[in-house]
Amino acid sequence: MSAGPIAQAAALLRGDNAAMTQGKRISTDIGDDALQTIRALGAAAKAARLAAGEGQAAAAARLGVHVQTIGRVEAGEPGVSIGHMVGLLALYGVAVQPQPLQDR
């Protein structure tokens, strides 16, 4: 049985991404770097939308998705579709360019 929304929110606040990703069909092995990147992209999408003076409902209508999807993208949820993420960024002129990982 998957965790409910309240348990998932509590897990997110604790930084426990294994519990948060349980119902999202993504690997619980996703690294913190990747999670930070997803969250940063979501924040960039939100900032671009706000700078354009649009609400989430307008963005959802333009992208052809439910308004909750926009909220999930902007919140940086790891289970959101990459097409929705990149599509929302593109609506507001934000390009995403893949880069090779730097050696650590």
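**Group meeting: a pocket and a helix**

Okay, let's start with the largest pocket, which holds about 610 Å³ of space. There are 19 residues lining this pocket, and the ones closest to its centre are Thr37, Ile38, Leu41, Val96 and Gln97. Two elements each give two or more residues to the lining: α3, residues 32–51, and α6, residues 82–91. Of those, α3 provides the largest share, 5 residues. And what kinds of residues make up the lining? We get 12 nonpolar, 4 polar and 3 charged.

Just so you know, this is a predicted model.

Now let's step back to the whole protein. You've got 6 helices and 0 strands here, so to speak it out along the sequence, the pattern goes α-α-α-α-α-α. The protein has 104 residues, and 26% of them are buried. If you take the contacts with a separation of 6 or more, 50% come from residues 24 or more positions apart. As for the outside, the accessible surface is about 6800 Å², with 56% of that belonging to carbon and sulfur atoms.

Let's go back to α6 and walk along it. At its start, a side-chain oxygen of Ser81 comes to within 3.1 Å of the backbone nitrogen of Gly83. Which residues of α6 are buried? Those are Met85, Gly87, Leu88 and Leu89. The cover over them includes α3, which you've already met at the pocket, plus α4, residues 56–63, and α5, residues 67–75. Then, after α6, comes Gly93, and its phi is positive, near 75°.

That's my tour, thanks for listening!

Note on methods. Residues are numbered from 1 along each chain as its sequence is written. This is a predicted model: local features need pLDDT of at least 70, side-chain atom pairs count only at pLDDT 80 or more; totals for chains, interfaces and linings use all residues. Side-chain values use heavy atoms; hydrogens and water are left out. On a 1 Å grid over the protein atoms alone, a cavity is a set of points where a 1.4 Å probe fits but cannot get out, and a pocket is an open set with protein on both sides within 12 Å along at least five of seven lines; lining residues have an atom within 4 Å of a point. Grid points are joined across faces, edges and corners, and a volume is the space filled by probe spheres set on the points. Helices (H or I, at least four residues) and strands (E, at least two) are DSSP runs, numbered from the N terminus. Ala, Val, Leu, Ile, Met, Phe, Trp, Tyr, Cys and Pro count as nonpolar, Asp, Glu, Lys and Arg as charged, and the others, Gly among them, as polar. Buried means under 20% relative accessible area, exposed over 50%, partly exposed in between (1.4 Å probe, protein chains only). Contact means heavy atoms within 4.5 Å. A polar contact is a pair of N or O atoms within 3.5 Å; within protein, one must be able to donate a hydrogen and the other to accept it, and residues adjacent in sequence count only if both atoms are side-chain atoms. Accessible areas come from the Shrake-Rupley method with a 1.4 Å probe; for residues, only the protein chains shown count as cover.
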